[in-house]
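Subject: A structure to look at, with notes

Dear colleague,

I am passing on a structure that I would like you to open beside this message. Please look it over first, and then read the notes that follow.

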Amino acid sequence: MSVKETCLICFEDTPIARMFSIGTCHHKYCLACMKHHVEVNLQSGIVAQCPHKDCKCEVNIITCKKLLSPELADVMIERIKESSIPVTEKVYCAFPMCSALMSKKEVLEHTKTSFVSEGGRKCMKCQRYFCVNCKVPWHYDMSCYDYQRSETNSLAEEQLLKSLAMKKLWRQCSKCKHMVELDSGCYHITCRCGHQFCYTCGAEWKNKRATCSCPLWDEHHIIRP
């Protein structure tokens, strides 16, 4: 007979080969429960920690790869990187189809070899130039000061973004001003910058609690076809 252990999430007796051991704390849970635990946390925008009460150990990406699809494994790697960079050091590519996360130091080092200008940076992922000060694709032949004073450019881009956000039902984080799109999951949003808010009305979440009376979820976003 194979040796079994009890999973402390589902309380099923599971063969040891089907148990998942977490990093340095060595708490064990069945593969099915851990897969669900990690996926739910990733959908909420955070890196999964050990489910054991009061345990703060993070789930290791190397051991998690056998639980996750390649796409989710990539998402987890990105979440780990996000959590390792201080908020004040985070830089995102200004091109919406890229939005790669970098630290100010690493993107500056990457840019030095090919481009030198105040605010000008070269994205480490898509290799295109953007302005770290104005948070837009690089404004050739214009200084940051001149660009920011250019009401025509600013208003046109702002209207275009607002129009696209309204069409796509995006929401803007009130802290970092980045746009957020809800693909699936509940309406409790944790932005890349760490700010938490309600996707429906934008009200801030405080101490892990909603400050509004909006519904927390909708079946359309929870159960995907």
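In which helix do Lys35 and Glu39 both lie, and how many residues apart are they? Both belong to helix 1, where they are four residues apart, or about one turn of the helix. Residues three or four places apart in an α-helix point the same way, because such a helix has 3.6 residues a turn.

Before going further, please keep in mind that this is a predicted model, in which local features need pLDDT of at least 70 and side-chain atom pairs count only at pLDDT 80 or more, while totals for chains, interfaces and linings use all residues. Residues are numbered from 1 along each chain as its sequence is written, and side-chain values use heavy atoms, with hydrogens and water left out.

Helix 1

Helices (H or I, at least four residues) and strands (E, at least two) are DSSP runs, numbered from the N terminus. Helix 1 covers residues 31–43, and its 13 residues should span 18 Å at 1.5 Å a residue (the expected span being 1.5 Å times one less than the number of residues); the end C-alpha atoms are indeed 18 Å apart, which agrees. Its buried residues (buried means under 20% relative accessible area, exposed over 50%, partly exposed in between, with a 1.4 Å probe and protein chains only) are Leu31, Cys33, Met34, His37, Val38, Asn41 and Leu42. Seen down the helix axis, these buried residues fall within an arc of 165° (taken from the directions from the axis to the C-beta atoms), so they line one face of helix 1. On the other side of helix 1, Ala32, His36 and Gln43 are exposed. The cover over the buried residues includes strand 3 (19–21), strand 4 (28–30), helix 2 (61–64) and helix 3 (70–84).

The nonpolar cores

A nonpolar core is a set of buried Ala, Val, Leu, Ile, Met, Phe, Trp, Tyr and Cys residues joined through side-chain atoms within 4.5 Å. The largest one has 22 residues, and those with the most contacts inside it are Phe20, Met34, Val38, Val59, Cys64 and Met76. Strand 3, strand 4, helix 1 and helix 2 each give two or more residues to this core, and helix 1 gives the most, with five residues. A second, separate core of eleven residues includes Ala100, Met102, Val107 and Phe130.

If you would like one residue to follow, Phe20 is in contact (heavy atoms within 4.5 Å) with residues beyond its neighbours within four places in sequence, among them Tyr29, Leu31, Met34, Val59 and Cys64.

The salt bridges

There are three salt bridges in the structure, each being a side-chain nitrogen of Lys or Arg within 4 Å of a carboxyl oxygen of Asp or Glu. The pair from the opening question, Lys35 and Glu39, is one of them, at 2.6 Å from N to O, and Lys35 is partly exposed, with a relative accessible area of 34%. Lys112 and Glu109 meet in another, at 3.4 Å from N to O; both lie in helix 4 (residues 104–112), three residues apart.

Lys28 forms a salt bridge with Glu5, where the closest N and O atoms are 3.6 Å apart. This pair links distant parts of the chain, since Lys28 is in strand 4 and Glu5 in strand 1 (residues 4–6), 23 residues apart.

With best wishes
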